[in-house]
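Colleague: I'm still learning to read these pictures, so please choose one part and take me through it slowly. I'd like to know what sits around it, and where the open spaces come in.

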Amino acid sequence: MQSDFPSRRTSFLPFIAKGNSPEWQLKIDEKSIQLNRKHHFLKVKIPLPERELTLKGERYSTARLVVEITYTTCTDSVSGERFSETVRVVRNRKSFSGCGGIALPVTSLNGTSWNIVSIDEQPIVSPLIGKVQFDYGRITGTAGCNRFSADFSELPEAITIRPMNLTKQMCSPALDAHEKKVLSLLKGKVHLRYTDDGRLILTNATGSNATLKKVL
């Protein structure tokens, strides 16, 4: 499979990678490679060696550490997030694999959960007042002190949300105002845009927008 970002290389530093079983994190910057395996209390930092281009990617090789980066998309085995590169790390003859590079858009919203972190570029202090979940044609969540639900249909760059069902608890004036903003945004056709760090921006027909961060 070709990378979604075929021109991206670790010359776009810093390059971040991570993996599970065992859990590890890797960072390549202009001067060094840093490996952290927190459950093993292991931290390795070495000067950045010369980059070697390979048939399918690139390689950094030293006596202490080898890092192989393949230009194919990778899906995190725990979170389900997709990234632009596949990464393999070798240390002391033991290897472990994971994902790195740019966080890629999810292929479908179905089965994903998100926190609303801002509305019209204004941050939300508490994620408890803005949660959205997409469950195979059904959107549910909290907008303030009430829960909402509705059917939705999905296109690659937009969703269409049917009329909402809403519980009828009394809210404080502040939560009521916040709830009205969320519900007015989640109405009708809503356009989708993903940022490089995997956040989702929803924009409605009036130009109002909300930024969502995926719940891992």
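Modeller: Start with one idea: two strands count as a pair if DSSP finds at least two bridges between them. Keep in mind, too, that what you see is a predicted model.

The part I'd pick is strand β11, which covers residues 112–119. Six of its eight residues are buried, so β11 is largely enclosed by the rest of the structure. Buried here means under 20% relative accessible area.

Now for its partners. Take β12, made of residues 122–123: it runs antiparallel to β11, and two bridges join them. Find I119 and look across, and you'll see Q122 of β12 standing opposite. Together β11 and β12 make a hairpin with two residues between the strands. One thing to look for in that hairpin is D120, which takes a positive phi near 50°.

Next comes β13, residues 131–134, also antiparallel to β11 and joined to it by four bridges. For a landmark, use W114, whose bridge partner in β13 is V132.

Then there's β20, residues 209–214, with five bridges to β11, again antiparallel. Here I116 is the residue to find, since L212 is its bridge partner in β20.

Hang on to β20, because we can follow it to the open spaces. The largest pocket has a volume of about 280 Å³. It is lined by 15 residues, and the closest to its centre are E81, D197, G198, R199 and K213. Three elements each give two or more residues to that lining: β9 (82–91), β10 (94–104) and our friend β20. As for chemistry, the lining has eight nonpolar residues, six charged and one polar.

From there, let β10 lead you on. The second largest pocket holds about 180 Å³ of space. Of its 13 lining residues, I16, A17, F83, G100 and G101 come closest to the centre. The elements that give this lining two or more residues are β1 (15–19), β2 (24–28) and β10. Sorted by class, you get eight nonpolar, three polar and two charged residues.

So how does the walk link up? Strand β11 is joined to β20 by five bridges, β20 and β10 both contribute to the lining of the largest pocket, and β10 also contributes to the lining of the second largest pocket.

How values were computed
Residues numbered from 1 in each chain as written. Predicted model: local features only at pLDDT ≥ 70, side-chain atom pairs only at ≥ 80, totals over all residues. Heavy atoms only, no water. Buried < 20%, exposed > 50% of the residue type's maximum accessible area, 1.4 Å probe, protein only. 1 Å grid on protein atoms, 1.4 Å probe; cavity = no way out; pocket = protein on both sides within 12 Å on 5 of 7 lines; lining within 4 Å. Points joined across faces, edges and corners; volume = space filled by probe spheres on them. Nonpolar A, V, L, I, M, F, W, Y, C, P; charged D, E, K, R; others polar.
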